[in-house]
Amino acid sequence: MNFNKPKFWDNKFNLFTFLLIPFSIIMFIIIFLRKKLIKEFNFNLPIICVGNIYLGGTGKTPLSIFIAKELLRLGKKPLIVRKFYNSHADEHALIKKEFKNFLLCKNRVSGIYEAEKKKFDTVILDDGFQDYKIKKNVNIICFNQRQLIGNGLLLPAGPLRENLSSLKKAQIVLINGKKNIKFEQKILKINKNLSIFY
């Protein structure tokens, strides 16, 4: 998904950020309640989720395709599942071009049940970290080294879909770009068990 991000997302100390912080607090409350109240579904096949917490391109889709191809090479029968959004046409086209086992659906839960029915043995969930209905076996969170977490604030005051603390539920972080020891140290304080790759 390509879009022009607001410049104030890179800086905490500006008027726009200050004015939007109350809405980010509302966003935090909504996320908190959703995590507590939404029923989580378990499935009979492993779910590998490739997600992010920064709104926008971090390399999720190319990584999902790479993982699917590697699993296929190892003799598995993987399916990439992705929720349909009108604004994500580029990602849809890329997956269709690169990998034949691809399901575009309006509801991820029903998409995974479809994968079970069709005897796939692994689901790669391309963008679904914020779908709290799904119990994932592995969460891989992608960051782009050029922006990482921006000003570190939740939407709309900042670019984050969730707080950095959500990395407690992740197993792997992939940073698209150059090595960044300072950022590694920051996220390892949140979850010391994270495996970090570039």
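A salt bridge is a side-chain nitrogen of Lys or Arg sitting within 4 Å of a carboxyl oxygen of Asp or Glu. Side chains of opposite charge can pair like this when their charged atoms come close. In this predicted model, the count of salt bridges comes to 11.

One of these pairs brings together lysine 35 and glutamate 162, whose side chains meet at 2.8 Å, N to O. Lysine 35 belongs to helix H1, which covers residues 15–37, while glutamate 162 sits in the loop between strand S5 (138–144) and strand S6 (172–176), so this pair ties together parts of the chain that are 127 residues apart in sequence. How buried or exposed are the two partners? Lysine 35 has a relative accessibility of 39%, so it counts as partly exposed. Glutamate 162 has just 2%, and since buried means under 20%, glutamate 162 counts as buried.

A second pair stays within one helix. Arginine 73 and glutamate 70 form a salt bridge, with 2.9 Å from N to O. Both residues lie in helix H2 (residues 60–73), and they are three residues apart, or about one turn of the helix. Arginine 73 has 60% relative accessibility and therefore counts as exposed. Its partner, glutamate 70, is partly exposed, with a relative accessible area of 28%.

Next comes the pair made by glutamate 184 and lysine 179, where the closest N and O atoms are 2.9 Å apart. Which of these partners is buried, and which is exposed? Glutamate 184 is the buried one, at a relative accessible area of 12%. Lysine 179, at 58% relative accessibility, is exposed, because the cut-off for that label is over 50%. Salt bridges can also link up through shared partners: Arg108, Asp131 and Lys133 are joined into one network in this way.

Away from the salt bridges, a look at glutamine 147 adds some detail on the loop between S5 and S6, which is where this residue has its place. Glutamine 147 has 16% relative accessibility, so it counts as buried. What does glutamine 147 touch, once residues up to four places away in sequence are not counted? The answer is Lys5, Tyr54, Gly57 and Thr58. That same loop between S5 and S6 also holds glutamate 162, the partner of lysine 35 from helix H1.

How values were computed:
Residues numbered from 1 in each chain as written. Predicted model: local features only at pLDDT ≥ 70, side-chain atom pairs only at ≥ 80, totals over all residues. Heavy atoms only, no water. Helix = DSSP H or I, 4+ residues; strand = E, 2+ residues; numbered from the N terminus. Buried < 20%, exposed > 50% of the residue type's maximum accessible area, 1.4 Å probe, protein only. Contact = heavy atoms within 4.5 Å.
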